[in-house]
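Visitor: I'd like a quick walk around this model, with someone to put my questions to. Shall we start once it is on the screen?

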Amino acid sequence: MLLRESLDLTDSCSVLLSKGAADSAKVLTRSLFELFLSVRYLCKADTKQRSYAYMVSSILDDIKYNKSLLKDYSKKMTK
């Protein structure tokens, strides 16, 4: 999951840099660095437990985001 995300970020940075959008690429580079730190933390000790905790927190964050998105969408539909 993290490898796929890092590859997506790297690909996005390369596209932005080739188009000359260096400022946007800086933001993605920071995200890539934070992802690197996350992977480093996961691999340090208790890898299995930390990996499960990361997956659960990622799924919970996705659920919260989707709930807020649906709430905003339903407000727009009722108007």
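Visitor: How many salt bridges does a search of the whole structure find?
Guide: Bear in mind that this is a predicted model. One pair joins the side chains of Asp23 and Lys26, and another joins those of Glu34 and Arg30. For the whole structure, the search comes to two salt bridges.

Visitor: Take Asp23 and Lys26, then: what is the N to O distance in their salt bridge?
Guide: Both residues sit in helix H2, three residues apart, which is about one turn of the helix. Asp23 is exposed, and Lys26 is exposed too. Their side chains meet with an N to O distance of 3.7 Å.

Visitor: And which helix holds both Glu34 and Arg30?
Guide: The side chains of Glu34 and Arg30 meet at 2.9 Å, N to O. They are four residues apart, about one turn of the helix, and the helix they share is H2.

Visitor: Is Arg30 buried or exposed?
Guide: The cut-off for exposed is over 50% relative accessible area. Its partner Glu34 has 39%, so Glu34 counts as partly exposed. Arg30 has 57% relative accessibility, so Arg30 counts as exposed.

Visitor: Over to Ser6: is that one buried or exposed?
Guide: Ser6 has its place in helix H1, residues 2-19. Buried means under 20% relative accessible area. Ser6 has 17%, so Ser6 counts as buried.

Visitor: Which residues is Ser6 in contact with, leaving aside its neighbours within four places in sequence?
Guide: Let's put the local partner to one side: the Ser6 side chain reaches the backbone oxygen of Leu3 at 2.7 Å. Once the neighbours within four places in sequence are left out, the contacts of Ser6 are Leu32 and Leu35.

Visitor: What is phi of Asp46 near?
Guide: Asp46 lies in the loop between helix H2 (22-44) and helix H3 (47-78). With 52% relative accessibility, Asp46 counts as exposed. Its phi is positive, in a residue other than glycine, and the value is near 50°.

Visitor: Which backbone oxygen does the side chain of Thr47 reach?
Guide: Thr47 lies in helix H3. With a relative accessible area of 37%, Thr47 is partly exposed. Its side chain reaches, at 3.3 Å, the backbone oxygen of Leu42.

Visitor: What distance separates the C-alpha atoms of Lys44 and Tyr73?
Guide: Lys44 lies in helix H2, and at 69% relative accessibility Lys44 counts as exposed. Tyr73 is 29 residues away from Lys44 along the chain, and their C-alpha atoms are separated by 41 Å.

Visitor: Which residues make the nonpolar surface patch?
Guide: One member, Ile59, lies in helix H3. The patch covers about 360 Å², and its residues are Val56, Ile59, Leu60 and Ile63.

Visitor: Last one, on confidence: which element of the chain has the lowest mean pLDDT?
Guide: The chain averages a pLDDT of 88, and 99% of the residues score at least 70. Among the elements, H1 has the highest mean, 91. The lowest mean is 86, and the element is H3.

How values were computed:
Residues are numbered from 1 along each chain as its sequence is written. This is a predicted model: local features need pLDDT of at least 70, side-chain atom pairs count only at pLDDT 80 or more; totals for chains, interfaces and linings use all residues. Side-chain values use heavy atoms; hydrogens and water are left out. Helices (H or I, at least four residues) and strands (E, at least two) are DSSP runs, numbered from the N terminus. Buried means under 20% relative accessible area, exposed over 50%, partly exposed in between (1.4 Å probe, protein chains only). A polar contact is a pair of N or O atoms within 3.5 Å; within protein, one must be able to donate a hydrogen and the other to accept it, and residues adjacent in sequence count only if both atoms are side-chain atoms. Contact means heavy atoms within 4.5 Å. Patches are made of residues with over 30% relative accessible area and no salt bridge: like charges are joined within 9 Å, nonpolar side chains (Val, Leu, Ile, Met, Phe, Trp, Tyr) within 5 Å. Accessible areas come from the Shrake-Rupley method with a 1.4 Å probe; for residues, only the protein chains shown count as cover. A salt bridge is a side-chain nitrogen of Lys or Arg within 4 Å of a carboxyl oxygen of Asp or Glu. pLDDT is the predictor's confidence in each residue, from 0 to 100.
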